[in-house]
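Student: I would like a close look at a single part of this model, with the cut-offs spelled out as we go. Could you walk me through it?

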Amino acid sequence: MLLPPYQEACNPGFCDCPFPNSIEVTNHKGHIPDLVGCQCGEDEPGNVNAWRWHATDESDAVVTDRDIIFHPTYSQGTAIVRGEQALKTNMVHFWEMRVITTLAGTDVMFGIGTESVNLGQFKFHFVSALGTNAQSWGFSYSGRIQHCGELLPYGQKFSQGCLIGVCLDRTRGHLEFYLNRRSLGVAYTNVPTDPDVKIYPMVCSTAAKSVIRLINCTSQPVTLQLRSFQALSRQPLKLAELRQMPGLKGILQSYWFLAPPIRYSRNSRENELDLGDEAVLSNSKQRLRRKQKYRETDDAAVDEDDLYANAHKITLRSSDSGDEEHTASVHEMCDEYFHYLL
C-alpha cells in the first residue's frame with residue numbers, strides 16, 4: 001500500500017475573502033488582480049512616505065500601481081522586482097504585501113537587497129534569488145530565510161491570501177518578518193547601517209502568473225517615542241490601556257505596525273496555536289544553526305532587544321513518553337533560550 005506523500009502544513013490566509021484558484025488564474029485573459037476584491041487590512045491609518053514598485057525591463061514582470069504580475073505568459077526563470085526608492089537610514093521601515101495567487105514552483109521570496117543586486121541575473125535560471133549572496137536577504141514561501149546562500153528554518157509555509165510584513169530598522173540593522181500580522185522575530189542583525197549603502201524592498205518569483213500586492217508601507221524616524229512603543233508592543237495589556245487614552249490615540253496610529261490589528265480567518269482561529277507556533281525550532285541541530293546565524297563574528301555582542309524579540313522561539317520540551325508535550329517552567333525556558341543564543 002502506497003502512503004500519500006508528506007505535505008508540510010501551510011499557514012491559512014489572513015481573512016475569509018474568496019481568491020481565484022489556479023485554473024481561474026491560468027484561463028483569465030484580463031488583468032489577474034481584478035479577480036480579487038479583498039481589501040482587508042489595506043491602507044491602515046498612519047501610513048506615511050508611501051512608495052510603489054519600480055517597473056523595469058530587466059525582470060519578466062508587469063508592475064501596475066501596487067501589483068506585481070510575475071511571468072505574465074510563462075516562466076523561464078526568476079524575476080526580481082524592487083521598490084522605486086531606497087529605504088533611508090535612521091528610520092524604521094515597514095511594508096506589507098498580500099499574496100493574491102497560489103504560490104508554487106522553485107521559490108517566491110520577500111525581502112531586501114542593495115543596489116548591487118542584478119535584477120536580471122537569474123532571468124533564465126530557477127533559483128531562490130534573494131539571499132544568494134551578501135547583497136540581499138530573503139524570506140521564502142517555504143518558511144525559510146536566506147542570506148549569503150545559507151537557508152535557515154524560520155517560520156511556517158504560506159501561500160495565497162496571506163499577508164507578509166517586512167520591518168527593517170536601518171539604525172540597528174535589524175530585519176524582521178511578519179506572517180498574517182504576527183511577528184516571527186528578528187531574522188537578521190547584519191543589515192548595513194551605512195548611509196552610503198542603498199537598500200530596497202524586493203520580491204522575487206519563479207511561478208508563472210503569480211501576483212503580489214503591496215497593501216501598506218510606512219517609514220518612521222527613530223526617536224525615543226518610537227523605541228518606547230517598541231518596548232510596549234511586547235506588553236499587549238499595557239498597550240491596550242494606552243489605546244483607551246485619547247491623547248495617545250494619534251501617536252499609536254503612527255506606530256500601528258508595531259502591534260498591527262489582527263483579523264484572522266475562521267480557519268486560522270480554529271487552529272490557533274501558541275505565539276511561537278510559526279517560528280518554533282524543532283531540534284537541537286536547528287537551534288545550533290540559528291545560534292551560528294546570530295553570531296556574524298566571534299566577538300559579536302547580542303542586542304538585548306533582540307533577545308526579547310526572539311524569546312517566543314523557545315522550543316517546547318517533550319516528555320519521556322514522547323507523545324505529550326509539556327511546558328517547562330519560565331526559568332527553565334529562559335535559561336535554555338539564553339544558553340543556545342549566547
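Student: Which order do the six strands of the open sheet have, and is the pairing parallel or antiparallel?

Tutor: Happy to help. This is a predicted model, in which local features need pLDDT of at least 70 and side-chain atom pairs count only at pLDDT 80 or more, while totals for chains, interfaces and linings use all residues. Residues are numbered from 1 along each chain as its sequence is written, and side-chain values use heavy atoms, with hydrogens and water left out.

The open sheet has the order 4-14-6-7-8-9, and its pairing is antiparallel. Strands here are DSSP runs of E with at least two residues, and helices are runs of H or I with at least four, numbered from the N terminus. Two strands pair if DSSP finds at least two bridges between them. Strands of a sheet pair through backbone hydrogen bonds, either parallel or antiparallel.

At the edges of this sheet are strand 4 (79–82) and strand 9, each of which pairs on one side only. From one strand to the next, the twist averages 25 degrees (axes are lines fitted to C-alpha atoms, for helices over the stretch in contact, and angles run from 0 to 180 degrees between N-to-C directions).

Let us stay at the strand 9 edge. Strand 8 (residues 144–147) and strand 9 run antiparallel and are joined by four bridges. Isoleucine 145 stands opposite leucine 152 in strand 9.

Now for the rings by this edge strand in sequence. Tyrosine 154 and phenylalanine 177 form an edge-to-face aromatic pair, 6.0 Å centre to centre with 80 degrees between the planes. Rings of Phe, Tyr and Trp (its six-membered ring) pair if their centres lie within 6.5 Å; planes under 30 degrees apart count as stacked, over 60 as edge-to-face and the rest as tilted. Tyrosine 154 lies in the loop between strand 9 (150–153) and strand 10 (157–158), and phenylalanine 177 in strand 12 (residues 174–179), so the pair ties together parts that are 23 residues apart in sequence.

Tyrosine 154 counts as buried because its relative accessibility is 2%, and phenylalanine 177 counts as buried at 0%. Buried means under 20% relative accessible area, exposed over 50% and partly exposed in between (1.4 Å probe, protein chains only). Ring pairs also link these two into a cluster with Phe110, Phe139 and Phe158.

Back at the other edge, in strand 4 (79–82), arginine 82 lies over the face of tyrosine 200, at 4.0 Å from the ring centre. A charge sits over a ring if NZ of Lys or CZ of Arg is within 6 Å of the ring centre and within 35 degrees of the ring normal.
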